[in-house]
Amino acid sequence: VDAAKWKAFIVGDEKSTIFEIEVKLFIEAVFMKYKYDFRQYSLASVKRRLSNALITHNVKTISALQERVLHEPEFFTLILQHMTISTTEMFRDPHYFKAFREKVVPYLKSYPSIKIWVAGCSSGEEAYSFAIIFKEEKLLDRVMIYATDINPIILEKAKAGIYRIEDMKKYTLNYQQSGGKASLSDYYDANYGSAAISPSLKSNIVFADHSLATDSVFSEMQFISCRNVLIYFDKKLQNRAINLFHDSLSMKGFLGIGSKESLKFSSMHTAFETWDGPERIYRKLK
Amino acid sequence: MVDLFHPIKAIFIGTSAGGVMALNTLFKMLPAHFKVPIIAVLHLGDNELIPTAFHSPVGVKVIEAEEKETIQSQHIYFAPAGYHLLVENDYSFSLSTEEKVQYARPSLDVSMESLAEVYGKSLLGIVLTGANEDGAFGLLAIKKAGGLTVAQSPDEAEYKTMPMSAIKKADPHHVLHLKEIGELIAKTEGMYE
């Protein structure tokens, strides 16, 4: 290759700068109009998801997307589905759930009533996984599980608790590896190609709208699980979220985060002790 | 002989089937204390740990990329299994569990697009052996952003699909054998500040 030919190919710089300006303005517009606050999210991932939204909805620029989002609230709901990540599984990372069952549940047993918070619950699979563990440990009647997310559409899906039957194979394997004591099929009804979570698991779960970026504390939780949510936040917002968890936990309460997340950017990291290092479970000191 | 027109500030290497051996061949060719940071994406199973499988050149750390960590000289970073690896404007890593791309997470395309945006012409992008088409789109993104692009010669690659698709889609600046790629990588250090 000669240098001139190479140079002719360079179109990136200018274009990516404009794209970034548009993305920042878009995020600001979304916050002003809808109060969804992505201003402290990691930009690389937001940029990628908005690029996908442009392709899916056949919109040329983020500026054009902004115009539609501001003037068509129902269109914003569609775009919100791109902006939030909904990847989840029942008993995802089985060793985490095993550690919870073996190293946290024994301590929860001493409480007359137990409150746990699944923050960023997406379509609900993790919340139901905890409900199954509590049922097998004969604690479910004493437990209240608060499962929250910012995305109203995904919360509806979580409440319905109806999943693709194809996914149950993976979930069953996860369940077994997590130390499950029965058969996962005991907890759902399979019909018409879908798996519906048993009503008996649902009565102790409350699904609710909550934002770690803008909302405030829950009170006196014994356990908070928030996995693969902090990775999308910048350091400042991570710090806010972990402070929020700290303030929402009861004395000696437990916090579980994602396997690639840490407390190190939080001013609160000294307020926790490591309970299970590899599984990222921490315990509030006081 | 391959010449460099610009200083290279980071090197991306992506590979799938056959990748462990190909990467080790390259890593063994690196000079001691090699300065230019290398970001690697290798398709693996969900819970596999990567860096322990690799030859680590003297004075170069081979580690799994951590979120918010700033890219540093004398490091080889691997995307963790199960996560896409992206880069922010301040040269720090971000992780994401969003849907698979080209049936893969981590995906080459995701990292390459993100790196291309941040590094522009100062990026060297390399696609090696592999049995799927991930990386082809990414190599084109790197080329469009002005970066230098290389695919492993399919006649040498253990699995040809990945370099072949990259060549077809991106028409990279060079199609080279591993030995030549190793020499090119070593050369980038000369212009690295």
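Here are three short exercises on a predicted model, each with a worked solution.

**Exercise 1: aromatic pairs**

Find out how the rings of Phe27(B) and Phe78(B) are arranged, and where in chain B the two residues lie.

*Solution.* Begin with the whole structure, where a search over all chains finds 26 aromatic pairs. Next, take the two rings: their centres are 6.3 Å apart and their planes stand at 75 degrees. Rings pair if their centres lie within 6.5 Å, and planes over 60 degrees apart count as edge-to-face, so Phe27(B) and Phe78(B) form an edge-to-face pair. Then locate them: Phe27(B) belongs to helix α1 (residues 19-29) and Phe78(B) to strand β4 (residues 75-78), so this pair, 51 residues apart, links distant parts of chain B. Lastly, both Phe27(B) and Phe78(B) are buried.

**Exercise 2: charges over rings**

Find which rings of chain A have Lys35(A) and Arg68(A) over them.

*Solution.* Start with Lys35(A): its charged end sits over the ring of Phe31(A), 5.6 Å from the centre. Move on to Arg68(A), which lies over the face of Phe75(A), 3.8 Å from the ring centre.

**Exercise 3: chain A as a whole**

Decide how compact chain A is, judging by its radius of gyration.

*Solution.* First look at the make-up of chain A: 11 helices and 10 strands. Now compare two values: the radius of gyration is 21 Å, close to the 19 Å from the globule rule for 286 residues. Chain A is therefore as compact as a globular protein of that length. To round off the picture, 53% of the residues of chain A count as buried, and its C-alpha trace spans about 70 × 50 × 45 Å along the principal axes.

Note on methods:
Residues numbered from 1 in each chain as written. Chains lettered and ligands numbered in written order. Predicted model: local features only at pLDDT ≥ 70, side-chain atom pairs only at ≥ 80, totals over all residues. Heavy atoms only, no water. Phe/Tyr/Trp six-rings, centres within 6.5 Å; stacked < 30°, edge-to-face > 60°. Helix = DSSP H or I, 4+ residues; strand = E, 2+ residues; numbered from the N terminus. Buried < 20%, exposed > 50% of the residue type's maximum accessible area, 1.4 Å probe, protein only. Lys NZ or Arg CZ within 6 Å of the ring centre and 35° of its normal. Rg over C-alpha atoms; globule rule 2.2 N^0.38 Å.
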